[in-house]
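Colleague: I've got this model open at the bench and I'd like to talk it through. Can you put it up so that we're looking at the same thing?

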Amino acid sequence: QVQLVESGGGLVQAGGSLRLSCAASGRTANIVSVGWYRQAPGKQRDLVAAFTNDGGTNYADSVKGRFTISRDNGKKTVYLQMNSLKPEDTADYLCYAREYLGSSQYGNYWGQGTQVTVSA
């Protein structure tokens with residue numbers, strides 16, 4: 001299995017910045033994709049940013065140009081740099097990883113989430 005632990009959330013004023021971290025442990029060798037989702041109260045969980053299987057990146061339209069996903073493979077950590085934050089970015093941010101298990105099977109793993117609150 002893969003364990004994911006997020007950190008870095010908090011309260012920030014609109015226009016401010018935060019950097020989220022997601023540390024992976026366990027069976028990380030076969031992770032094929034990793035990224036960040038967010039979920040606001042009463043809303044569905046949406047993709048924010050992710051590394052794709054081919055090493056590219058994918059961003060939600062609402063965060064393009066403001067958020068950047070990066071990773072440190074040696075530290076097994078994925079980061080989400082969030083700049084120019086807006087009140088509508090307020091949500092619980094969750095790290096996600098997809099592991100290839102073999103025989104066309106995949107495992108999906110989630111962290112516990114870190115709260116980001118942006119005040120107007």
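Modeller: Some vocabulary before we start: strands are DSSP runs of E with at least two residues, numbered from the N terminus, and two strands pair if DSSP finds at least two bridges between them. This is a predicted model, so local features need pLDDT of at least 70 and side-chain atom pairs count only at pLDDT 80 or more, while totals for chains, interfaces and linings use all residues. Residues are numbered from 1 along each chain as its sequence is written, and side-chain values use heavy atoms, with hydrogens and water left out.

Colleague: Fine. In what order do the four strands of the open sheet come?

Modeller: Follow the pairings. Strand 1 (residues 2-7) pairs antiparallel with strand 3 (residues 18-26) over six bridges, and strand 3 is joined to strand 8 (residues 77-82) by six bridges, also antiparallel. Strand 8 in turn pairs with strand 7 in the antiparallel sense over six bridges. That gives the order 1-3-8-7.

Colleague: And which strands stand at the edges of that sheet?

Modeller: Look for strands with a single partner strand, so that one side is left without a neighbour in the sheet. The two that fit are strand 1 and strand 7 (67-72).

Colleague: By how much are neighbouring strands of this sheet turned against each other on average?

Modeller: The angle is taken between axes, which are lines fitted to C-alpha atoms; angles run from 0 to 180 degrees between N-to-C directions. Ignoring direction here, the average for neighbouring strands is 20°.

Colleague: Let's get down to residues. Which residue in strand 8 does A23 stand opposite?

Modeller: Try it from the other side of strand 8: D72 has a bridge partner there, T77. A23 stands opposite that residue too, namely T77.

Colleague: Is C22 buried or exposed?

Modeller: C22 lies in strand 3, where its bridge partner is E6. Counting contact as heavy atoms within 4.5 Å, and leaving aside neighbours within four places in sequence, C22 touches residues including L4, W36, V78 and C95. The scale is relative accessible area with a 1.4 Å probe, protein chains only: under 20% is buried, over 50% exposed, and in between partly exposed. At 2%, C22 is buried.

Colleague: How far apart are the C-alpha atoms of C22 and V78?

Modeller: Along the chain, the two are 56 residues apart. In space, their C-alpha atoms are separated by 5.1 Å.

Colleague: Which residues have the most contacts inside the largest nonpolar core?

Modeller: A nonpolar core is a set of buried Ala, Val, Leu, Ile, Met, Phe, Trp, Tyr and Cys residues joined through side-chain atoms within 4.5 Å. The largest one has 29 residues, and the elements giving it two or more include strand 4, strand 9 (91-102) and strand 11 (114-119). Those with the most contacts inside it are W36, L80, M82 and Y93.

Colleague: What does strand 4 pair with over eight bridges?

Modeller: Strand 4 has five bridges to strand 5, running antiparallel, and G35 stands opposite A50 there. Those two form a hairpin with six residues between them, and G42 in the turn has a positive phi of about 80°. On the eight-bridge pairing, also antiparallel, S33 has R98 as its bridge partner. The strand you want is strand 9.

Colleague: Which residues form an aromatic cluster with W110?

Modeller: Rings of Phe, Tyr and Trp (its six-membered ring) pair if their centres lie within 6.5 Å; planes under 30 degrees apart count as stacked, over 60 as edge-to-face and the rest as tilted. Y96 and W110 form a tilted pair, 4.9 Å centre to centre with 50° between the planes. Y96 is buried at 12%, whereas W110 is partly exposed at 35%. The cluster partners of W110 are Y37 and Y96.

Colleague: Last one: which ring does the charged end of R98 sit over?

Modeller: To count, NZ of Lys or CZ of Arg must be within 6 Å of the ring centre and within 35 degrees of the ring normal. R71 lies over the face of F51 at 4.0 Å from the ring centre. For R98, at 4.1 Å from the centre, the ring is that of Y106.
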